[in-house]
Amino acid sequence: QPNPLTTGAEFWATFAFNAVLRGRSYAEPVLQSDGSLELWQLAPTRLQEAHEERRYAVDYYYEAGGSRRFRAGELLTGSGISQDGVYAIAPWKVAATAIELANILEAFGRNFFRNGARPSGVLTSELPLGIDARERLQAQFNGNFAGVINAGKVPILEAMKYQAITVGNTDSQYLELRRNQVREIARNWRLPLHMLGEGEGG
């Protein structure tokens with residue numbers, strides 16, 4: 001057990017998570033009065049790397065106040081890919097564009113199913129419609145179409161012409177775009193797709 005508040009499994013899971021997400025993870029060894037050694041995970045949000053030319057340094061700002069500069073050998077570190085052996089490359093920064101596109105696609109899908117009114121067709125009239133008639137049709141349209149539960153319904157109206165609506169390429173490719181973003185993001189972490197439940201064998 002690394003410290004009284006954290007089990008070994010919890011500590012190493014957090015340590016690995018920060019290293020994979022942010023490129024580097026830090027833990028402070030603390031020698032106790034009885035000679036035992038405790039390991040305390042350093043919160044990445046309170047860390048600031050302050051490396052100098054061929055000198056390793058990390059500033060840590062404690063929650064209770066104050067800070068300390070750690071030098072090489074004073075911390076347990078876990079690191080990802082680095083170009084110079086000092087500054088780690090955070091995978092999420094490399095994958096920022098792919099993650100942004102995935103978020104945009106998710107927001108599109110959420111808004112599409114939450115607010116969208118996508119029937120299988122529309123009814124049109126060759127005769128001019130008055131304000132009352134349009135309002136009545138609008139109310140019936142919203143009542144029959146709005147929301148996921150009413151998807152695909154067609155209202156029955158008098159003296160109207162039905163016109164089918166086909167699904168465009170953008171809509172039909174939505175799911176494929178979502179799958180592609182999963183693959184693109186996983187590539188930055190070098191994760192095999194089967195571990196994410198994706199692909200033919202997922």
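Two strands count as paired if DSSP finds at least two bridges between them. Keep that in mind as you click around this predicted model.

**Stop 1: the sheet**

Select β1, β2 and β6. You're looking at an open sheet of 3 strands, in the order β2-β1-β6, with antiparallel pairing. Which strands stand at the edges? They are β2 (37-41) and β6 (76-79), and each has a single partner strand, so one side of each is left without a neighbour in the sheet. Turn the view a little and look for the twist, which averages 20° from one strand to the next.

Now zoom in on β1 and β2. These two run antiparallel and are joined by 5 bridges. To see one facing pair, pick Ala27 and look across to Gln41 in β2, which stands opposite.

**Stop 2: the helix across the sheet**

Add α1 to your selection. This helix lies across β1, β2 and β6, and it runs at about 145° to β1.

Inside α1, which spans residues 8-22, click on Asn18. Is Asn18 buried or exposed? The cut-off for buried is under 20% relative accessible area. Asn18 has 7%, so it is buried. Show what surrounds it: leaving aside neighbours within four places in sequence, Asn18 is in contact with Gly23, Arg24, Ser25, Gln41 and Pro44. You've already met Gln41, the residue opposite Ala27.

**Stop 3: the hairpin**

Next, select residues 57-61 and 67-71. These are strands β4 and β5, which run antiparallel with 5 bridges joining them. Val58 is a good one to click, with Phe70 of β5 standing opposite.

Follow the chain from β4 round to β5. This hairpin has 5 residues between its strands, and Gly65 takes a positive phi near 115°. The loop between β4 and β5 also holds Tyr62. How much of Tyr62 is accessible? Its relative accessibility is 30%, so Tyr62 counts as partly exposed.

Leaving aside neighbours within four places in sequence, Tyr62 is in contact with Glu28, Arg46, Ser67, Arg68 and Phe70. Phe70 is the residue you just saw opposite Val58. For one more distance, try Leu47: it is 15 residues from Tyr62 along the chain, and their C-alpha atoms are separated by 9.2 Å.

**Stop 4: the largest pocket**

Leu47 leads us on, as it is one of the residues that line the largest pocket. Select the whole lining: Arg22, Gly23, Arg24, Tyr26, Pro44, Leu47, Gln48, Glu49, Ala88, Ala90, Trp92 and Lys93. The pocket has a volume of about 280 Å³.

Which element gives the most to this lining? That's β3, with 3 residues. Colour β1 (24-31), β3 (47-49) and α2 (91-94), and you'll have the elements that each supply at least two residues here. By type, the lining residues divide into 6 nonpolar, 2 polar and 4 charged.

**Stop 5: the second largest pocket**

For the last stop, select Ala19, Val20, Gly23, Ser79, Gly80, Ile81, Ile89, Pro91, Val94, Asn188, Trp189 and Arg190, which line the second largest pocket. Its volume is about 230 Å³. Helices α1 and α2 each supply at least two residues of this lining, and the residues divide into 7 nonpolar, 4 polar and 1 charged.

Before you close the viewer, click Gly23 once more. It appears in the lining of the largest pocket and in that of the second largest, and it is also a contact of Asn18.

Terms used. Residues are numbered from 1 along each chain as its sequence is written. This is a predicted model: local features need pLDDT of at least 70, side-chain atom pairs count only at pLDDT 80 or more; totals for chains, interfaces and linings use all residues. Side-chain values use heavy atoms; hydrogens and water are left out. Helices (H or I, at least four residues) and strands (E, at least two) are DSSP runs, numbered from the N terminus. Buried means under 20% relative accessible area, exposed over 50%, partly exposed in between (1.4 Å probe, protein chains only). Contact means heavy atoms within 4.5 Å. On a 1 Å grid over the protein atoms alone, a cavity is a set of points where a 1.4 Å probe fits but cannot get out, and a pocket is an open set with protein on both sides within 12 Å along at least five of seven lines; lining residues have an atom within 4 Å of a point. Grid points are joined across faces, edges and corners, and a volume is the space filled by probe spheres set on the points. Ala, Val, Leu, Ile, Met, Phe, Trp, Tyr, Cys and Pro count as nonpolar, Asp, Glu, Lys and Arg as charged, and the others, Gly among them, as polar. Axes are lines fitted to C-alpha atoms, for helices over the stretch in contact, and angles run from 0 to 180 degrees between N-to-C directions.
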